[in-house]
Amino acid sequence: FYDYQDYPDFTESIGFTKRGCRLSCKFCVVPEKEGKPYFLNSINDIWRGAPYPRKLHLLDNDFFGHESWREHIRELIDGNFHVCLSQGINVRMITTETAEALASIQYRNTRFNKKQIYTAWDMLKDQQVFFAGIDKLEKAGIPPSHVMAYMLIGFDKHETWDRIWYRFNRMVERDIEPYAMVYHKPGEPPRPDLKCFQRWTNRGLYRIVPWADYRRQTKSDESVAAWHRAAA
């Protein structure tokens, strides 16, 4: 059981149904820390019970990675739970069955104020399998507009701005919401241009402010800040 006493205003319930992951992505430490997927808790173990709302933050890194997922889907349906899977689902491993299972539950974003499924498109080479998974979700009844995709940038050694823009534009064209995540090696600062792109993307500014205008203003702000630092 989790101790919520330091967060009296937090009314949802949070936890893991399982830990571990089937994949072994080079940029991720989950397989090293947790190993392959294994069962941890039932849905009823995680929910705090009445009078708390039936709203769950499930932090599973691979919700469908263990055969117990069917039991958890049934618990979510029978218990009339709203659930946020913010760590994301493995879109590369989506099947017709798991897509239909996701469509059958009341999936929500982190604020529980709209429908949202989280997934990821980290590498350009996964384009085909990524959109095959999106197609399966859509066929099951989950439109791309309900999908937020974590977009890793700064990791692929073959990455260029053209490749970054390609991924970004493909998702926006499909009505998928991109969420940029900047990778940098421990001890090294992240690239300022990638951090700028991250802010522009994740704040939704790409919908109203052209990138060139935003980047130009950001460079101006950086110059002013640098001048103030030098004068201090």
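# Exercises on a predicted protein chain

G154 lies in the loop that joins β8 to α6. The model is predicted, so local features need pLDDT of at least 70 and side-chain atom pairs count only at pLDDT 80 or more, while totals for chains, interfaces and linings use all residues. Residues are numbered from 1 along each chain as its sequence is written, and side-chain values use heavy atoms, with hydrogens and water left out. Helices (H or I, at least four residues) and strands (E, at least two) are DSSP runs, numbered from the N terminus.

## Exercise 1: the surroundings of G154

Determine whether G154 is buried, partly exposed or exposed, and state which residues it touches.

Step 1. Buried means under 20% relative accessible area, exposed over 50%, and partly exposed in between (1.4 Å probe, protein chains only).

Step 2. The relative accessible area of G154 is 29%, which makes G154 partly exposed.

Step 3. A contact means heavy atoms within 4.5 Å. Leaving aside residues up to four places away in sequence, G154 touches E159, Y183 and L194.

Step 4. G154 and H184 stand 30 residues apart in sequence, and their C-alpha atoms are 6.6 Å apart in space.

## Exercise 2: the helix α6

Establish where the buried residues of α6 lie around its axis, and name the elements against which they pack.

Step 1. Helix α6 covers residues 161-173, 13 residues in number. From first C-alpha to last, α6 reaches 18 Å, close to the 18 Å expected at 1.5 Å a residue; the expected span is 1.5 Å times one less than the number of residues.

Step 2. I164, R167, F168 and M171 are the buried residues of α6. Viewed down the axis of α6, these buried residues fall within an arc of 95 degrees, so they line one face of the helix. The arc is that of the directions from the helix axis to the C-beta atoms.

Step 3. A general rule helps here. An α-helix has 3.6 residues a turn, so residues three or four places apart point the same way.

Step 4. The buried residues of α6 pack against α5 (127-140), β8, β9 and α7 (192-202). On the face turned away from the buried side, α6 carries the exposed residues D162 and E173.

Step 5. Just after α6, D175 has a positive phi of about 75 degrees.

## Exercise 3: the helix α5

Describe α5 in the manner of Exercise 2: which residues are buried, and what covers them?

Step 1. α5 has 14 residues and reaches 20 Å from its first C-alpha to its last, close to the 20 Å expected at 1.5 Å a residue.

Step 2. The buried residues of α5 are F130, F131, G133, I134 and L137. They cover an arc of only 150 degrees around the axis, which puts them on the same side of α5.

Step 3. Their cover includes α4 (96-103), β7, β8 and α6. The exposed residues Q128 and K139 sit on the face of α5 turned away from its buried side.

Step 4. After α5 comes G141, whose phi is positive, near 115 degrees.

## Exercise 4: the empty spaces

State how many cavities of 30 Å³ or more there are, and describe the second largest cavity and the largest pocket.

Step 1. On a 1 Å grid over the protein atoms alone, a cavity is a set of points where a 1.4 Å probe fits but cannot get out; a pocket is an open set with protein on both sides within 12 Å along at least five of seven lines; lining residues have an atom within 4 Å of a point. Grid points are joined across faces, edges and corners, and a volume is the space filled by probe spheres set on the points.

Step 2. There are two cavities of 30 Å³ or more. The second largest cavity has a volume of about 40 Å³, and its lining consists of D122, M123, L124, D156, E159, R163, I164 and R167.

Step 3. The largest pocket has a volume of about 1,200 Å³. Of the 44 residues that line the largest pocket, C25, F27, C28, D122 and L152 lie nearest its centre. The elements giving two or more residues to this lining are α1 (30-34), β7 (117-120), β8 (147-153) and β9 (177-182).
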